[in-house]
Amino acid sequence: MNQQRIIAWLCILLLQALLASACVAADQMPRDVSQKEVKQYWRPAQEDMAPKMPPLVRAVFELVDKHGRVVLDYEVTINEKGVPVDFKFKSITPAHVDPKPFIASVMFYRYRPTPQNSARRPVRVHGPKPYFIPKK
């Protein structure tokens, strides 16, 4: 009888440990957010970016100037360090524009958490992002 109680007690402890680890793992899963919602979790951190913008990223300005407005539809995860990872390209409009400079631009950025995201929760950003030069 005593042995059954010990086994039952060990099973309960094992179950609690499994549930606790599942909760911790679920907490670190990236939260799906839109382009607008990402501002609630992460802000651009210029101090963490390279001091000089690579030529491929600078090409974005020329392409936007040439085409007026370019829309990149993609998904990317901003991890707990504020670094974009796991980029997934969906589409670009106009379709004939080379997406490589825009992808490089997304991956160039670094982020710092907002005060609401002090736990540095990773996010999965999705949806179209327009690139344009505002008219005066």
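What follows walks through the sheet, the helices packed on it and a few notable residues of this predicted model.

The sheet comes first. Four strands make up an open sheet in the order β1-β6-β3-β4, and the pairing in this sheet is mixed. The edges belong to β1 (31-34) and β4, each of which has a single partner strand, so one side of each goes without a neighbour in the sheet. Ignoring direction, neighbouring strands here are turned by 20° against each other on average.

Strand β3 (residues 69-78) is a good place to start looking around. Of its 10 residues, 8 are buried, so the rest of the structure largely encloses this strand. One of its pairings is with strand β6 (residues 123-132), where the two run antiparallel and share 10 bridges. Within that pairing, Val76 sits opposite Val125 of β6. Another pairing is with strand β4 (residues 84-93), again in the antiparallel sense, this time through 7 bridges. Two bridge partners can be picked out along β4: Leu72 is matched with Ile92, and Asp73 with Ser91. Strands β3 and β4 also form a hairpin with 5 residues between them, and in this hairpin Gly82 takes up a positive phi near 85°.

Now for the helices. Helix α2 lies across β3 and β6, and its direction is at about 145° to that of β3. Helix α3 packs on the sheet too, touching β3, β4 and β6, with its direction at about 150° to that of β4. The two helices also pack against each other: α2 (residues 55-67) and α3 (residues 100-108) meet at an angle of about 125°, and their axes are 8 Å apart. That angle makes α2 oblique to α3. The crossing of α2 past α3 is left-handed.

On the α2 side of this contact are Leu56, Val57, Ala59, Val60, Leu63 and Val64, while α3 brings in Lys100, Pro101, Phe102, Ala104, Ser105 and Phe108. Sorted by class, the contact of α2 with α3 comes to 10 nonpolar, 1 polar and 1 charged residues.

Ser105 deserves a closer look. This serine lies in helix α3 and counts as buried because its relative accessible area is 9%, with the cut-off for burial being under 20%. Setting aside neighbours within four places in sequence, Ser105 is in contact with Val57, Val60 and Tyr131. Val57 and Val60 are among the α2 residues that meet α3, and Tyr131 falls within the residue range of β6.

A few backbone details stand out as well. Thr93 and Pro94 are joined by a cis peptide bond, with omega at about -5°. Pro94 itself lies in the loop between β4 and α3.

Positive phi values also turn up in residues other than glycine. Asp86 is such a case, with phi at about 55°. This aspartate is found in strand β4, and its relative accessibility of 55% makes it count as exposed. Arg120 is another non-glycine residue with a positive phi, here near 60°. Arg120 is placed in the loop between β5 (111-113) and β6, and at 32% relative accessibility it counts as partly exposed.

Lastly, there is a link between parts of the chain that are well separated in sequence. Asp48 and Tyr111 are 63 residues apart along the sequence, yet their C-alpha atoms are 7.6 Å apart in space. Asp48 is located in the loop between β2 (42-44) and α2, and Asp48 is partly exposed, its relative accessible area being 47%. Tyr111 falls within the residue range of β5.

Technical notes:
Residues numbered from 1 in each chain as written. Predicted model: local features only at pLDDT ≥ 70, side-chain atom pairs only at ≥ 80, totals over all residues. Heavy atoms only, no water. Buried < 20%, exposed > 50% of the residue type's maximum accessible area, 1.4 Å probe, protein only. Pairing = 2+ DSSP bridges. Axes fitted to C-alpha atoms, helices over the stretch in contact; angles between N-to-C directions. Parallel < 35°, antiparallel > 145°, perpendicular 65-115°, else oblique. Left-handed = near helix turned anticlockwise from the far one by under 90°. Contact = heavy atoms within 4.5 Å. Nonpolar A, V, L, I, M, F, W, Y, C, P; charged D, E, K, R; others polar.
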